[in-house]
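Trainee: Could you walk me through this one, a step at a time? I would like to learn how to read it.

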Amino acid sequence: MTRKKIIAGNWKMFTTVSAGVALATEINMGLQTRDLSNKKAIVIPPYTHIHAIINAVGANGNLGVGAQNCHQQKEGAYTGEISPVTLKEMGASYVIIGHSERRQYFNETEELLNAKIKAALAEGLTVIYCIGETLSQRESDTHFAVIEAQIKGGLEDISTEEMNNIILAYEPVWAIGTGKVASPAQAQEIHQFIRGLINAKYGNAVAKNICIQYGGSMKPENAAELLSQPDIDGGLIGGAALKAEQFLAIIDAA
Ligand code: PGA
């Protein structure tokens with residue numbers, strides 16, 4: 001199994017432009033001395049930072065740059081929204097779609113997320129599609145059904161070929177920003193389940209190839225054990241991605 005470990009830092013609405021450039025520069029410097037043959041590092045700052053960060057770290061260097069969301073249309077009268085076309089032009093290579101904070105605070109449904117995924121793929125962006133159950137869904141033992149519905153709805157009409165440009169991120173909502181991390185066994189169980197769903201829909205080659213990240217309170221202290229599980233192929237990191245030293249330590253654990 002030679003899946004690359006992909007470690008992505010989701011900065012959410014943290015850092016100013018100048019602080020973000022400094023953070024990305026520090027991370028990028030740290031990458032220069034590391035062996036990245038089997039891993040990839042990505043930073044996902046607010047939209048406003050993307051251009052400045054790419055100017056600072058270079059477009060084709062070790063550090064990938066992404067966005068946290070995009071609109072499902074190329075352009076239009078959608079005040080305050082951002083087009084995937086613009087993200088691509090700014091130099092972003094990745095976009096998160098369906099983060100639980102978008103689902104929760106902006107009422108993003110599977111149908112909408114499916115449209116966003118298609119729009120992002122059409123511009124050549126790699127999508128990080130987030131899925132995961134809430135605490136009450138886990139407690140009522142519906143988490144497998146919830147995840148299955150998120151995969152089915154979000155990936156509707158996505159072709160086998162397009163799956164090459166999709167990363168999945170399993171983020172149990174109860175573990176995000178709470179310090180309550182899923183145990184390696186709990187996470188592995190779901191990751192294996194997700195890979196099985198992909199196998200059933202797209203076949204073995206896609207299932208073997210797809211990167212399934214874990215997200216939710218991943219830190220330097222717990223990263224190595226999570227990342228050593230056979231179906232955990234990386235991390236989507238929130239809080240610990242805002243400190244270069246911690247983010248680099250997670251990359252070292254991969
Ligand atoms: P966290 O966030 O690492 O702070 O829990 C993860 C995420 O929201 O992607």
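**Pockets and a histidine**

Trainee: How much space lies in the second largest pocket?
Mentor: Happily! This is a predicted model, where local features need pLDDT of at least 70 and side-chain atom pairs 80 or more, while totals for chains, interfaces and linings use all residues. Residues are numbered from 1 along each chain, and side-chain values use heavy atoms, leaving out hydrogens and water. A pocket is an open set of points on a 1 Å grid over the protein atoms alone, where a 1.4 Å probe fits, with protein on both sides within 12 Å along at least five of seven lines; points join across faces, edges and corners, and probe spheres set on them fill the volume, here about 280 Å³.

Trainee: Which residues lining the second largest pocket are the closest to its centre?
Mentor: Lining residues have an atom within 4 Å of a point. Of the 17 that qualify, the closest to the centre are Asn-164, Ile-166, Asn-209, Ile-210 and Cys-211.

Trainee: Which element gives the largest share of that second largest pocket's lining?
Mentor: Helices (H or I, at least four residues) and strands (E, at least two) are DSSP runs, numbered from the N terminus. Strand S6 (166-170) and helix H9 (204-209) each supply at least two lining residues. The largest share, three residues, comes from H9.

Trainee: Is His-191 buried or exposed?
Mentor: His-191 is found in helix H8 (residues 184-202). Buried means under 20% relative accessible area and exposed over 50%, with a 1.4 Å probe and protein chains only. The value for His-191 is 0%, so this residue is buried.
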